[in-house]
Protein chains: 2
Amino acid sequence: MRIGELSKKSGVSRDTIRFYEKQGLLQCEAREAANNYKSYPEDAVMTISVIRDAQAAGMSIGDLIVFLSQLHATYGDDFDGFTFLDEKIQETEERIAASERFLDVLTRTREALRIAPYESD
Amino acid sequence: MRIGELSKKSGVSRDTIRFYEKQGLLQCEAREAANNYKSYPEDAVMTISVIRDAQAAGMSIGDLIVFLSQLHATYGDDFDGFTFLDEKIQETEERIAASERFLDVLTRTREALRIAPYESD
DNA sequence: TATAACCATGGACTTTAGTCAACGCTTTTC
DNA sequence: GAAAAGCGTTGACTAAAGTCCATGGTTATA
């Protein structure tokens, strides 16, 4: 599929797709011979959706590059992917906990406003 | 308390505290007359901790300024704080959901690596 | 008492994650 | 078949959230 279609299906702009590609998070699988247009695989939609989730979870693009490199690396040498993964799992859990604390602040605030909406002075 | 103590208790740098203050997220309650040093209230520690939670939940400083202004505003006029709060509550819930999806990806990946750690070629 | 650690202020600098503009092509549509 | 929409590439630009540096005064410590 071409970049415009991928943009529509994934909900991110063409420029963002190009940016992800430049960072190495995404690859086009081929080029249309006639016009040199890039062609992306179907699962690029899923890849982008994982990227968006990861970002919402606080991962940086740098983190994602490492994460993907671990997925695709050959594990012949003494390479420890667990340290990184465990670190990110813990970070994500902490972030979820913080988000839930803040969600609680928000809902309590909302409730307080509902009960006494015209406090002043 | 002075900025150095607040920095230690809250775990953010002095510069960050000054930055928050400039943005209006934080106020010093007074100055030491002798030397013009700023003096922060005890609950500034808690304020900063809420700020950090909010940031982890994806709120920007701009969001927090609005949020705080709603807490402190006088509600005499036709001012609707619910729209904003409801929006932020929904955003936060969505972010938590995304984070949990990504956490699942992470743990699955970890598990896959644990079972077959030397895939190659 | 000197010397290190702390404070205020101002402004420059940095990183991250895109976004925008310009250029010249190709493809689709009216 | 002309105009609009889509594509690739390069490079400049932006906003957010700090961080760093310089300057000059103050306080704590050895």
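**How the two chains meet the DNA**

Near DNA strand D, the surface draws on both chains: helix 1 (3–10) and helix 2 of chain A, along with helix 2 and helix 4 of chain B, each put in at least two residues. The structure here is a predicted model. Helix 2 of chain B makes the largest contribution to the surface near DNA strand D, with three residues. In total, 18 residues surround DNA strand D, and the closest ones are A:Arg2, A:Gly4, A:Lys38, B:Ser60 and B:Ile61. Sorted by class, the surface near DNA strand D comes out as five nonpolar, eight polar and five charged residues.

What about DNA strand C? There are 18 residues around this strand, and A:Ser60, A:Ile61, B:Arg2, B:Gly4 and B:Lys38 come nearest. The helices that each give at least two residues to the surface near DNA strand C are helix 2 (14–23) and helix 4 (61–72) of chain A, plus helix 1 (3–10) and helix 2 (14–23) of chain B. For this strand the largest share, three residues, belongs to helix 2 of chain A. The class breakdown of the surface near DNA strand C is five nonpolar, eight polar and five charged residues.

Next comes the overall layout of chain A. Its secondary structure amounts to five helices and two strands, and reading from the N terminus the order is α-α-β-β-α-α-α. Of the 121 residues in chain A, 21% are buried. Looking at contacts in chain A between residues at least 6 apart in sequence, 49% link residues at least 24 apart.

Chain A can also be split into domains. The domain assignment gives domain 1 (1–75) and domain 2 (80–121), and the C-alpha centres of these two domains of chain A sit 29 Å apart. Where the domains touch, six residues come from domain 1 of chain A and six residues from domain 2 of chain A. On the domain 1 side of this contact in chain A, the residues are three nonpolar, two polar and one charged. The UniProt record, an unreviewed entry, places the feature "domain: HTH merR-type" at residues 1–70 of chain A. Over that stretch, residues 1–70, chain A is 59% helix and 6% strand, and the end C-alpha atoms are 26 Å apart.

Two helices are worth a look one by one. Helix 3 of chain A (residues 44–56) has 13 residues and covers 18 Å between its first and last C-alpha, close to the 18 Å expected at 1.5 Å a residue. Which residues of helix 3 of chain A are buried? They are A:Ala44, A:Ile48, A:Ile51, A:Asp53, A:Ala54 and A:Ala56. Just after helix 3 of chain A comes A:Gly58, which takes a positive phi of about 95°.

Over in chain B, helix 5 (residues 81–115) has 35 residues and stretches 51 Å from its first C-alpha to its last, again a value close to the 51 Å expected at 1.5 Å a residue. The buried residues of helix 5 of chain B include B:Leu85, B:Ile96, B:Phe102, B:Leu103 and B:Leu106. B:Lys88, B:Thr92, B:Arg95 and B:Ser99 are on the buried list of this helix too.

A few single residues round off the picture. In chain A, A:Asn36 lies in the loop between strand 1 (30–31) and strand 2 (38–39). Its phi is near 70°, a positive value in a residue other than glycine. Is A:Asn36 buried or exposed? A:Asn36 counts as exposed because 7 other C-beta atoms lie within 10 Å, and the cut-off for exposed is 12 or fewer.

In chain B, B:Asn36 sits in the loop between strand 1 (30–31) and strand 2 (38–39) of that chain. B:Asn36 is not a glycine, yet its phi is positive, at about 70°. With 7 other C-beta atoms within 10 Å, B:Asn36 is exposed.

Finally, B:Asp63 belongs to helix 4 (residues 61–72) of chain B. B:Asp63 has 17 other C-beta atoms within 10 Å, so this residue is partly exposed: a buried residue would need 20 or more, and an exposed one 12 or fewer. B:Asp63 and B:Tyr37 are 26 residues apart along the chain, and their C-alpha atoms are separated by 29 Å.

Technical notes
Residues numbered from 1 in each chain as written. Chains lettered and ligands numbered in written order. Predicted model: local features only at pLDDT ≥ 70, side-chain atom pairs only at ≥ 80, totals over all residues. UniProt positions renumbered as here; feature names shortened; annotations may be inferred. Helix = DSSP H or I, 4+ residues; strand = E, 2+ residues; numbered from the N terminus. Near = placed C-beta within 6 Å. Nonpolar A, V, L, I, M, F, W, Y, C, P; charged D, E, K, R; others polar. Domains from an automatic or database assignment. Contact = placed C-beta atoms within 7 Å. Expected span 1.5 Å × (residues − 1).
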